[in-house]
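Subject: Handover of a structure, with findings

Dear colleague,

Please find the structure below, together with its sequence. My account of what was found in it follows.

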Amino acid sequence: MSNSELEKIRKEISACTKCALCKSAIQAVPGSGNPNADIVFIGEAPGFYEDQQGVPFVGRSGKLLDFLLGQIRLSRDDVWIGNIIKHRPPDNRDPSPEEISTCKAFLTRQLEAINPKIIITLGRFSMNYFLPNATISMSHGKPHQLGKYTLYPLYHPAAGLRNPSMKIQLIEDFLKIPDIIEKTNLI
Ligand code: URA
């Protein structure tokens, strides 16, 4: 399956120098997976291993994400995975509001090119990209209709790795995805 617009955006991201993150990062991490997916997962920003490999969610958070996908019988080839920020912030610090706004148009264009039905956000930065006033503790595990998209906020896998009760909540919320898929008439 190809998606020439998504490929064009990937090249632009790889060459992007609009903010200083490109200077400290090894490479951009544009996103990966099925370019025509109905379901996309959006994280925050690349970390150490993602910066090394140019692929999102390949570190410890990614292993948890792979495990959770397996629990609902999905693989990375079924979905598309991306981030709001395309270059790694130094020392994995939080992205700044300026970095988020500088990078914003890339994800908006990627989503237009993929045209998914369900957007699953991982963590508060990603959720606030779409729902600026929402809080993750109130909104996780609750689907929202956002224009043509069903938006489903989840805790970030890294939060689950740090906090056992958040991990239980993340698993519980993740296991509701098949029901959301069914209600969105994807199966
Ligand atoms: N955390 C994220 O938010 N994104 C990644 O790609 C990896 C870890």
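In which segment is L186 found? The answer is the segment after α10, a helix that covers residues 177–183. Please bear in mind throughout that the model is predicted.

L186 and its surroundings

L186 has a relative accessible area of 24% and is therefore partly exposed. Leaving out residues up to four places away in sequence, L186 touches D38, I39, K117, I118 and I181. For one of these, I118, the separation in sequence is 68 residues, while the C-alpha atoms of L186 and I118 are 9.7 Å apart in space.

Salt bridges

How many salt bridges does the structure hold? The number is 11, and I describe some of them here.

Two of the residues touched by L186, namely D38 and K117, also form a salt bridge with each other, and their closest N and O atoms are 3.7 Å apart. This pair links distant parts of the chain, with the two positions 79 residues apart in the numbering: D38 is in the loop between β1 (32–33) and β2 (39–43), and K117 is in the loop between α5 and β4 (118–122). D38 counts as partly exposed, at 31% relative accessibility, and K117 also counts as partly exposed, at 35%.

A second salt bridge joins K8 and E12, with 3.8 Å between the closest N and O atoms. Both residues belong to helix α1 (residues 4–14), and because they are four residues apart there, about one helical turn separates them. K8 is partly exposed, its relative accessible area being 47%; for E12, likewise partly exposed, the value is 30%. K8 and E12 also take part in a network of salt bridges that links them with E5 and R109.

A third salt bridge is formed by the side chains of E99 and R93, at 2.7 Å from N to O. Here E99 counts as buried, with 11% relative accessibility, whereas R93 is partly exposed, with a relative accessible area of 35%.

R88

R88 has its place in the loop between β3 (80–83) and α5 (97–114). Which side chain of opposite charge is nearest to R88? It is that of D51, at a distance of 4.6 Å. A salt bridge requires a side-chain nitrogen of Lys or Arg within 4 Å of a carboxyl oxygen of Asp or Glu, so the distance of 4.6 Å does not qualify. R88 is thus buried yet has no salt bridge. The side chain of R88 does, however, make a polar contact of 2.8 Å with the side chain of N92. If its neighbours within four places in sequence are set aside, R88 is in contact with L21, S24, A25, P46, G47, F48 and D51.

Backbone angles

Most residues other than glycine have a negative phi. Two residues are to be noted in this respect. N115 is not a glycine, yet its phi is positive, at about 55°. N115 lies in the loop between α5 and β4 and counts as partly exposed, at 39% relative accessibility. F57, also a residue other than glycine, has a positive phi near 50°. F57 is placed in the loop between α3 (48–53) and α4 (60–71), and with 6% relative accessibility F57 counts as buried.

The ligand

Which residues are around the ligand? They are G43, E44, A45, E50, P56, F57, N83 and H156. F57, described above for its positive phi, has a backbone N or O atom 3.0 Å from an oxygen atom of the ligand. An N or O atom in the side chain of N83 is 2.8 Å from a nitrogen atom of the ligand. In the side chain of H156, an N or O atom is 2.8 Å from an oxygen atom of the ligand. On its own the ligand has 240 Å² of accessible area, of which the protein covers 92%.

With kind regards

How values were computed. Residues are numbered from 1 along each chain as its sequence is written. This is a predicted model: local features need pLDDT of at least 70, side-chain atom pairs count only at pLDDT 80 or more; totals for chains, interfaces and linings use all residues. Side-chain values use heavy atoms; hydrogens and water are left out. Buried means under 20% relative accessible area, exposed over 50%, partly exposed in between (1.4 Å probe, protein chains only). Lys and Arg count as positive and Asp and Glu as negative; His and the chain ends are not counted. A polar contact is a pair of N or O atoms within 3.5 Å; within protein, one must be able to donate a hydrogen and the other to accept it, and residues adjacent in sequence count only if both atoms are side-chain atoms. Contact means heavy atoms within 4.5 Å. A residue is near a molecule or strand if one of its heavy atoms lies within 4 Å of it. Accessible areas come from the Shrake-Rupley method with a 1.4 Å probe; for residues, only the protein chains shown count as cover.
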